[in-house]
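Student: Please take one part of this model and go through it closely, in a single connected account. I would like the cut-off behind each term to be stated where the term comes up.

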Amino acid sequence: MNEISSRYAKALYSLSLEKDNLLEREDQAKQLLDILNDNEDFLLLLSNEFLTIGERQDIAKQVLKGVDDDILALVNIVIANHRTRYLKEIFQAFISDANSYRGVKEGLLYSSIPLDKKTISRMEQAISKKEGCKIYLKLIIDQTLIGGVRILINDHIYDSSIVSQIERMKRKLLRNEG
């Protein structure tokens, strides 16, 4: 994460603590991040230099109806300062700050097949015990996994995929031969 994104995120974080609405804003930031990840064209439109800053801000206001006023103000400031390319990082940094404040970590759960909420919840509970804090996992379907799952939390990887199990057996066999 770069310094620019971090500064904007810290400003929103501080304001959210001051107004005591960190959880609500974190939920909205997650939704906005999903929108930005799913709609690259929206981000390109907000960066389009052929439109005036006011036109881009009006588009953001129309698309982001119902979003917290301070978050919309942040988006408008980012647009006005020609830093739209940092929006994703800003929201990621804000979510990370909010999670740290609450003692929560978010991770990615890679699986070759869709998993139900109950299974994901059991995995979250198991990893929470190992990590010593509350864990939330986001499921990502990864067709390259033959089977099993891979969980990534910050820089820590829990890998129970078939490929990694085969690799561990291979290393063990090679050690026993040598």
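Tutor: K134 is partly exposed, because its relative accessible area is 37%, a class that lies between buried (under 20%) and exposed (over 50%), judged with a 1.4 Å probe and protein chains only. The areas come from the Shrake-Rupley method with that 1.4 Å probe, and for residues only the protein chains shown count as cover. This is a predicted model, in which local features need pLDDT of at least 70 and side-chain atom pairs count only at pLDDT 80 or more, while totals for chains, interfaces and linings use all residues. Residues are numbered from 1 along each chain as its sequence is written, and side-chain values use heavy atoms, with hydrogens and water left out.

K134 belongs to strand β2, residues 134-141; strands (E, at least two residues) and helices (H or I, at least four) are DSSP runs numbered from the N terminus. When neighbours within four places in sequence are set aside, K134 is in contact with G103, V104, K105 and S128, contact meaning heavy atoms within 4.5 Å. By comparison with these contacts, T84 is 50 residues from K134 along the chain, and their C-alpha atoms are separated by 32 Å.

One of those contact partners, K105, leads on to the salt bridges, each defined as a side-chain nitrogen of Lys or Arg within 4 Å of a carboxyl oxygen of Asp or Glu. K105 pairs in this way with E131, their closest N and O atoms being 3.0 Å apart. The pair links distant parts of the chain, since E131 sits in helix α7 (residues 117-131) and K105 in strand β1 (residues 104-111), 26 residues apart. K105 is itself partly exposed, with a relative accessible area of 26%.

By this rule the count comes to twelve salt bridges. Another of them joins the side chains of R102 and E26, at 2.8 Å from N to O. Here R102 in helix α6 (residues 87-102) is linked with E26 in helix α2 (residues 22-38), 76 residues apart. E26 counts as buried because its relative accessibility is 1%, whereas R102, at 31%, counts as partly exposed. Helix α6 also holds K88, which is tied to E40 in helix α3 (residues 40-47), so that parts 48 residues apart in sequence are brought together; the N to O distance of this salt bridge is 2.3 Å.

Beyond strand β1, S112 lies in the loop between β1 and α7, and S112 counts as buried because its relative accessible area is 16%. Apart from neighbours within four places in sequence, its contacts are I141, D142, Q143, L145, I146, G147 and G148.

I146 in turn leads to the surface, where I146, I162, V163, I166 and M169 form a nonpolar patch with about 470 Å² of accessible area together. Patches are made of residues with over 30% relative accessible area and no salt bridge, with nonpolar side chains (Val, Leu, Ile, Met, Phe, Trp, Tyr) joined within 5 Å and like charges within 9 Å. M169 is placed in helix α8 and is exposed, at 52%.

R171 lies in helix α8 too, residues 162-177, and with R168, K172 and R175 it makes up a surface patch of positive charge. Lys and Arg count as positive and Asp and Glu as negative, without His and the chain ends, and a charge is placed at NZ of Lys, CZ of Arg, CG of Asp or CD of Glu. R171 counts as partly exposed because its relative accessibility is 45%.
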